[in-house]
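Biologist: I would like to go through this model with you and ask, for each label, what it rests on. Please set the values beside the cut-offs as we go.

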Amino acid sequence: MVPQFTLQAPLKLPPDAVIDHLKQLWEHPEEGANSSATFTLVVWEPAWLEQHLSRLGLLQDAVMGMQRPCLVDAARRAIGAYGLPAATAPLSNTLARTLAAQTGENGAYDDLRGQAIESSISELQPHRMITLAPTIDGEQALDALVAAYCSLPEENSAGGSVCGDVLVLRGGAASIAAELDLLPRLIPPQLPCWVLWEGALGEHMDIFERLATAPRRLIVDTALGETGPSLRILAQRIAAGQAVSDLNWYRLGGWRESLAMAFDAQDRRTALSHVAQVDIDVEGDQLCQGLLLAAWIAGRLQWSLQTGCQQRDSSVYRFRRPDGVMVDLRLVAVPVGFPKPHAGSVLGLRLLCQPPDSRELCVVLCGEASGCMRLEGGDVSSRDLVEEIVPLIERSLEVQETRVLTGGHDTTNPLLATTAQLADRMLTAASQV
């Protein structure tokens, strides 16, 4: 969707003048304008990759902190230009770190983070959007930018305009941290507040801990960071009772739905009690999505984790079924030549079921037809083979975020809660061997 810009140029203010200015802004609103009574959205939006691409002249566009085709295309070109493996995901930390190590400046570039709002989010009419935009110059002084926005009267069925405001705090991370005491005074206590952490989990934990305090609702993306810190922090926050949503979990929706549909038939449903082996292929070595899918399967089938071990290009886990039989689950890192934007996307899934009174059943799911070939291995002729292509809908990060905000949940999805805890235990089990 096309991003919507604020209706006026943001006013640049000293940080200590922000609160008084916002009070004056809504003290005498224009006739017919109503302040939105919806929610507050606080966004940590580092956009390190985007900033470095712009700094090096590889992205001929303003920094907006949004997942756009031009950003992904520029990232793919940079992967080749700097000699990284073709299997490197365009939006991965690996590429961002590589670009950060490069010297050179291509001149000034526009930084519009927090000023350009994804239309799907602006349609929800947030009361206030606060964007924390750390710069790659860690010593940069803090700027505060404030603007109001209003929806058009004809878009508001209640009549009149519904208005909100946008605040951007832009500068070095240390400068942002020094002004975080402003936030409690900027977040109305009577409205829900979401904290959207668009950086890697485990990065700038001092700021994360101060932002992501309950009862604020937390939105994260475990695909953006390293596997260990991402899963550990996700599980810890959920265990503490905070409302948490993981955008990486939502990307698994097609896989979970397709697997459930594969066992809809009654004769296949009984085979679920006799799963003997599971294989999951993921792109590269970011394993969060694969672990979440594996943990979801194990949790739904009531398996108990026994052991885990890390091998060169795979992780192997042993579970015990309710009937006492052991199940092997293998998570395999597969390099691909044209990876999806986010690291660690699931490529394929195979479940081998061995019912005692009928032929083996082999269910193979894959995101692309070519991906099924690897998972078809074995004596297929002696098995009933069910093969499905999973419809993968690539939605922008902002659209996925809107889905969470629209739901308005003040608790963690129970299915994600149990899955994240088991996925974290699986990772711990494999790392201890």
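Modeller: The crossing of H2 and H3 is left-handed, and I should say at once that this is a predicted model.

Biologist: What makes H2 roughly perpendicular to H3?

Modeller: The axes of helix H2 (residues 48–55) and helix H3 (residues 69–81) come within 11 Å and cross at roughly 70°. Angles of 65 to 115 degrees count as roughly perpendicular, and therefore H2 is called roughly perpendicular to H3.

Biologist: Which residues of H2 and H3 meet, and how many of them are nonpolar, polar or charged?

Modeller: From H2 the residues are Leu49, Glu50 and Leu53, and they meet Leu71, Ala74, Ala75 and Ala78 in H3. By class, the contact of H2 with H3 has six nonpolar residues, one charged residue and no polar ones.

Biologist: In the loop between S4 and H2 there is Ala47; why does Ala47 count as buried?

Modeller: Buried means under 20% relative accessible area, and Ala47 has 17% relative accessibility, so it counts as buried. Its backbone deserves a remark too, since phi of Ala47 is near 50°, a positive value in a residue other than glycine. Gln125, in the loop between helix H5 (119–122) and S6, likewise has a positive phi, near 55°, and is a residue other than glycine.

Biologist: Why is strand S6 described as largely enclosed by the rest of the structure?

Modeller: Seven of the seven residues of S6 (residues 128–134) are buried, and so the strand is largely enclosed by the rest of the structure. In a regular strand the side chains alternate between the two faces of the sheet. Here Arg128, Ile130, Leu132 and Pro134 point one way from S6, while Met129, Thr131 and Ala133 point the other way, and all are buried.

Biologist: How do you know that S4 and S6 pair?

Modeller: Two strands pair if there are at least two bridges between them, and strand S4 (residues 40–44) and S6 have five, in the parallel sense. Within this pairing, Val42 has Ile130 in S6 as its bridge partner.

Biologist: What makes strand S17 mostly covered, and which strands pair with S17?

Modeller: Six of the seven residues of S17 (residues 360–366) are buried, which is the basis for describing the strand as mostly covered. With strand S16 (residues 346–353), S17 pairs in the antiparallel sense over six bridges, and Leu352 stands opposite Cys362 in S17. S16 and S17 form a hairpin with six residues between them. With strand S18 (residues 383–389), S17 pairs in the parallel sense over seven bridges, and Val363 stands opposite Val386 in S18.

Biologist: Where is Pro215 placed, and is the peptide bond from Ala214 to Pro215 cis or trans?

Modeller: Pro215 is in the loop between helix H8 (205–211) and strand S10 (217–220), and the peptide bond leading to it from Ala214 is cis, with omega near 10°.

Biologist: How many helices and strands are there in the protein, and what share of its residues is buried?

Modeller: The protein has 16 helices and 18 strands, and buried residues make up 55% of its 433 residues. Among contacts between residues at least 6 apart in sequence, 74% join residues at least 24 apart.

Terms used. Residues are numbered from 1 along each chain as its sequence is written. This is a predicted model: local features need pLDDT of at least 70, side-chain atom pairs count only at pLDDT 80 or more; totals for chains, interfaces and linings use all residues. Side-chain values use heavy atoms; hydrogens and water are left out. Axes are lines fitted to C-alpha atoms, for helices over the stretch in contact, and angles run from 0 to 180 degrees between N-to-C directions. Helices (H or I, at least four residues) and strands (E, at least two) are DSSP runs, numbered from the N terminus. Angles under 35 degrees count as roughly parallel, over 145 as roughly antiparallel, 65 to 115 as roughly perpendicular and the rest as oblique. A crossing is left-handed if the near helix is turned anticlockwise from the far one by less than a right angle, and right-handed if clockwise. Contact means heavy atoms within 4.5 Å. Ala, Val, Leu, Ile, Met, Phe, Trp, Tyr, Cys and Pro count as nonpolar, Asp, Glu, Lys and Arg as charged, and the others, Gly among them, as polar. Buried means under 20% relative accessible area, exposed over 50%, partly exposed in between (1.4 Å probe, protein chains only).
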